[in-house]
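This report covers a helix crossing, the chain as a whole and a few unusual backbone sites. The sequence and structure come first.

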Amino acid sequence: MRPSPTRRVATAAVAVLSAGALSVGFLAAPAEAAADPATRLAERLVRQTNGGDANRHLIALQRISDRNGGNRAAPDGESAAAPGYEASVEYVSGQLRRAGYLVDVQDFTYPVEVELAASITVGGTAYRIDKMNESIDTPAGGITGPIRVVPEDATTGCEATDFAGQVFTGSVALIRRGGCTFEQKSLNAAAAGAVAAVISNNTAGPLSNVTITNTGPIPVGGISQADGTTLAAQAGAAATVEMRYEEQTRTSQNVIAETRTGKRNNVVMAGAHLDAVYAGINDNGSGSAALLDVALKLGGSPNVGNRVRFAWWGAEELGLIGSSEYVKSLTFEQQLDIALYLNFDMVASPNAAYFVYDGDNSDAVGAGSGPYGSAQIEKTFTDFFSDRLGIETEGTDFSGRSDYGEFIANGIPAGGLFSGAEGIMTAAQAAKWDGTAGIAYDPCYHQECDNLGNINREALDRNLDAMAWSVGLYAYSTQEINGVPPRAQRLTMRSAAKNKMKLAGTYVPSDKAA
């Protein structure tokens with residue numbers, strides 16, 4: 001999952017959360033109900049998919065990571081080569097081809113910033129500084145000025161008065177994180193005359209992968225808490241800040257697999273991002289592995305009313321690039337062919353939550369509801385969890401942090417599942433989901449410890465069942481989403497129309513039609 005642009009990832013891993021959270025036992029699939037045509041395929045998929053097979057795919061992704069320097073990342077500003085990601089693409093696409101799918105490994109390109117300089121140098125010692133997203137660069141050679149330390153309180157640098165009592169003109173303003181946005185701190189520093197703003201973290205570790213939202217008049221960078229404390233003790237000393245990057249182009253791939261059967265212009269689409277930070281076994285090996293198990297159990301030529309298209313997205317961690325480029329590459333008619341999109345990003349967090357995307361905005365939080373049909377998708381998931389698994393779910397906002405974004409922006413209904421990232425589990429959630437309150441849903445989010453030991457296999461199996469159910473249900477019919485009836489009803493309607501034309505004497509067989 002792509003990090004929130006203004007939230008820093010926790011750096012401390014938490015030990016084993018509970019025996020249940022890391023259980024190696026997998027759930028049994030719910031018993032098959034009566035042979036209702038509408039649910040027959042969904043029942044079969046729930047019965048045939050299983051956590052053991054999905055776990056085997058996770059083992060494969062872990063070994064791919066281990067053989068490629070410990071990561072499965074897409075090409076980025078640090079490296080144009082991505083052997084771990086390329087091997088992940090080969091593994092997934094190979095499995096799908098053997099299952100009979102129409103498989104397309106699609107290239108896409110995107111710009112990245114390549115680091116040329118990233119330091120703040122004081123007294124001959126260089127310290128790491130990370131330019132904030134949307135900040136301007138410094139000139140070659142950097143910007144030099146005396147360090148001026150903004151007095152630290154609960155809202156350091158958030159008010160113009162914080163810069164009173166010192167001469168900030170021509171200075172490098174050193175400001176502690178907290179109390180307001182980075183943008184507000186940097187704008188106040190610029191207004192006071194500073195030539196650069198250096199914001200130090202207020203918790204252990206570096207301050208990186210954050211944004212000032214809007215480009216301002218001076219360069220803005222982040223440094224670690226420890227370096228901030230060290231530099232604060234050198235107030236008045238000359239500091240040279242140099243942050244320079246150049247834009248280069250990278251190429252990565254999406255894996256797109258489609259069934260050979262089903263209605264071509266009413267496609268059920270499901271996706272998960274395949275790229276990762278480090279090995280990324282929960283984020284997002286879990287969604288990728290579970291989706292692959294559903295696809296393999298469905299098969300490339302199933303007896304379905306609607307085509308099913310699966311996607312494993314590239315470069316999600318760099319800004320949802322793969323999924324966005326895919327949707328943008330489609331014509332309006334091709335977008336119309338997609339009935340709905342299901343997104344699965346992190347479905348086995350060790351301190352697992354059971355979140356369903358809030359399609360109807362019943363939680364009244366953040367982004368609002370999805371396009372028409374999103375509420376129905378949400379209900380499909382919540383009903384399955386409550387009726388079949390006895391689990392109470394919670395809504396999660398369409399916050400823009402995963403691959404549903406471009407689909408929603410183009411009016412395609414969306415939904416999906418999420419087991420939690422760096423957010424903290426509440427006491428009420430812990431009681432409901434047998435978790436641990438006061439720690440992250442995934443304490444290893446975007447860290448090296450996101451490996452095979454970071455998987456809640458009970459949550460993996462439960463979410464896998466819900467994924468299988470939704471794909472099977474919509475492969476049969478999307479009538480509640482977009483009014484397209486199931487295949488049997490379509491055949492009945494066509495037959496009735498033909499008979500009506502025959503009675504009216506207007507029917508012409510297709511082989512004789514002009």
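## Helix crossing and backbone sites

H1 and H6 cross in a right-handed sense (the near helix is turned clockwise from the far one by less than a right angle). The model is predicted: local features need pLDDT of at least 70, side-chain atom pairs count only at pLDDT 80 or more, and totals for chains, interfaces and linings use all residues. Residues are numbered from 1 along each chain as its sequence is written, and side-chain values use heavy atoms, without hydrogens and water.

Helices (H or I, at least four residues) and strands (E, at least two) are DSSP runs numbered from the N terminus. The axes of H1 (residues 37-48) and H6 (residues 281-298) come within 10 Å, crossing at roughly 120°. In contact (heavy atoms within 4.5 Å) are Leu41, Arg44, Leu45 and Gln48 of H1 with Val294, Lys297 and Leu298 of H6.

H6 also holds asparagine 284. The peptide bond leading to asparagine 284 from aspartate 283 is cis, with omega near 0°. Most peptide bonds are trans, and most residues other than glycine have a negative phi.

Two alanines have a positive phi, as tabulated. Buried means under 20% relative accessible area, exposed over 50%, and partly exposed in between (1.4 Å probe, protein chains only).

| Residue | Phi | Loop | Relative accessible area |
|---|---|---|---|
| Alanine 315 | about 55° | between E10 (306-313) and H7 (321-329) | 0%, buried |
| Alanine 364 | near 50° | between E12 (355-357) and H9 (374-389) | 63%, exposed |

Overall, the protein chain has 14 helices and 14 strands, and 54% of its 514 residues are buried.

Methods
Axes fitted to C-alpha atoms, helices over the stretch in contact; angles between N-to-C directions.
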